[in-house]
Amino acid sequence: MARVFSGIQPSGDLHLGNLLGAIRNWTRMQHVDDTIFCIVDLHALTLRPDAERLQADTVRLAQTLIAAGLDPDVCTLFVQSHVSQHVELSWIMECTASYGELNRMTQFKDKSSRADFISAGLFTYPALQAADILLYDTDLVPVGDDQRQHVELTRDLAERFNRRYGDTFVVPEHVIPPTGARVMDLQAPHAKMSKSTGEAPGTIWIYDEPAVIEKKFKRAVTDSDADVRYDVAEKPGVSNLLSILGAATDHDPESLAGRYQQYGPLKADTAAAVIALLGPIQARFAELQSDPAETRRLLAVGAGKARAIAAPVAERVRTAVGLLPA
Ligand code: TYM
C-alpha cells in the first residue's frame, strides 16, 4: 500500500480548482492507499491572516474536506501546527535547500509580486512543504499542476539529503490528475482559478448557490470564433469549460467537444454538472457546521495518528544530521 500525503491551506473557502485538481483525487485514494491529509495552517501564516479568522477557517476547512468525502476513520486528517515535527524538519530542509533553488520557485515570484510585505517565510515556504511530505515517508503526493515544482524540489532535497547523510528519506512522486489539474479563471482563462482572485466572477466557490454558478458559467469568457474544440493554446476559454465538464463527469474533454456545436449548451451543461457535484457537498457541510466540537475531536484523533508516524522519522533525521540526543 502506497503512503500518500497532501496538504491544503486554510485561507478562505475552497474553489472548484481545489476540488477538481486535488480533493477529488484524495477522496478516491483514501480507499486504496494509506492516506494522510493536512490542513497547513503554518503555511497560511506566510500571508498574515487575521488570527480569529485563521482559527475559524481551519475548522471550516476540515468540515469542507469531510463534506467533500474525506472520511477521518479511513484517512488521517489533521492540522499541521498540531504536529511540532513539521517546524523542526522545516529548518533542516531550509539548510538542505539552496537560496538559488528557492528563488526559482514560480509560486514565490507570483505571490511576492502581489504581497505588500514579503515575509522570509513566504520565501522558505517550499522547505516547510518538503518537510510536510518527507516526515511521513511519503510515496505519492496528489496535487494540482501548480504544485508540481514544489514536489519536484522536495524530491531534489530528499535525494541531496540522502547523498549527504545516507538513506534517510523516501523520495516522493507527484500524482496530477489527467483532467482538472489546472482549472482556469472563467473571466481570464489564461490565469488559474485561485483564492486570491477574491470575489471575482471568474471563480466558482464551493459554496456558491446554483443560480450564482449558472450566472458565472453563462458569463464565462469564450473565444472569438464559435467553434467548440479542445485547444488550450488557441481556445483557452472553451477548453477550460470542456476540462471542467470532463473532470466533473469523468469524461475526456476532447471527446466531449464533439458533442457541441455552440457555446450556449456547453456552458449550460458545465454549470449543471458543477451544481450536481457541489450540491451534496453543500448539504453535508450544512450538517457538519452545527457541531464544531466534533470536528475538533476528529482533528485531535488525526493529529495523534500523524504524530505516531512523524516522531520516529524526525528522530531518524536528528540522528542522521548529528544532533546530540537530549
Ligand atoms: P493550496 O492550498 O493552494 O491548494 C490545494 C490544492 O488545490 C490545487 N489547486 C488547483 N488545482 C487545479 N486548478 C486550480 N486552479 C487549482 N488551485 C489550487 C493545488 O495544486 C493543491 O493541490 N503549497 C500547497 C499546500 C501544501 C502541500 C504540502 C501540498 C503544503 N504542504 C504538502 C502537498 C504536499 C498549497 O498552497 O496548496
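The radius of gyration used here is taken over C-alpha atoms, and the rule for a globule is 2.2 Å times the number of residues to the power 0.38.

**Figure 1. Overall view of the protein chain in the predicted model.** For a chain of 326 residues, a compact globule would be expected to have a radius of gyration near 20 Å, and the value of 20 Å computed for the protein chain therefore agrees with that expectation. The C-alpha trace extends over about 70 × 45 × 40 Å along its principal axes, and the secondary structure consists of 13 helices and 5 strands. Of the 326 residues, 52% count as buried. Among the contacts in the protein chain with a separation of 6 or more, 77% are made by residues that lie 24 or more positions apart.

**Figure 2. Close-up of the packing of helix α6 against helix α7.** Two packed helices are described by the angle between their axes and the distance between the axes. Helix α6, which covers residues 106-114, and helix α7, which covers residues 120-134, pack at an angle of about 160°, and their axes are 10 Å apart. Because angles over 145 degrees count as roughly antiparallel, α6 and α7 are described as roughly antiparallel to each other. The crossing in which α6 passes α7 is right-handed. On the α6 side the contact is made by Phe-108, Lys-111 and Ser-112, and on the α7 side by Leu-122, Phe-123 and Tyr-125. By residue class, this contact of α6 with α7 comprises 4 nonpolar residues, 1 polar residue and 1 charged residue.

**Figure 3. Close-up of Thr-35 in strand β2.** Thr-35 belongs to strand β2, which is formed by residues 34-39, and with a relative accessibility of 1% Thr-35 counts as buried. When residues up to four places away in sequence are not counted, Thr-35 touches Val-4, Met-29, Gln-30, Cys-75 and Thr-76.

**Figure 4. Close-up of the loop residue Arg-48.** Arg-48 is found in the loop that lies between α2 (41-44) and α3 (51-67), and at 62% relative accessibility Arg-48 counts as exposed. Most residues other than glycine have a negative phi. Phi of Arg-48, by contrast, is near 45°, which is a positive value in a residue other than glycine.

**Figure 5. Close-up of the loop residue Asp-137.** Asp-137 is placed in the loop between α7 and β4, the latter covering residues 140-142. Phi of Asp-137 is near 50°, again a positive value in a residue other than glycine.

Methods: Residues numbered from 1 in each chain as written. Predicted model: local features only at pLDDT ≥ 70, side-chain atom pairs only at ≥ 80, totals over all residues. Heavy atoms only, no water. Axes fitted to C-alpha atoms, helices over the stretch in contact; angles between N-to-C directions. Helix = DSSP H or I, 4+ residues; strand = E, 2+ residues; numbered from the N terminus. Parallel < 35°, antiparallel > 145°, perpendicular 65-115°, else oblique. Left-handed = near helix turned anticlockwise from the far one by under 90°. Contact = heavy atoms within 4.5 Å. Nonpolar A, V, L, I, M, F, W, Y, C, P; charged D, E, K, R; others polar. Buried < 20%, exposed > 50% of the residue type's maximum accessible area, 1.4 Å probe, protein only.
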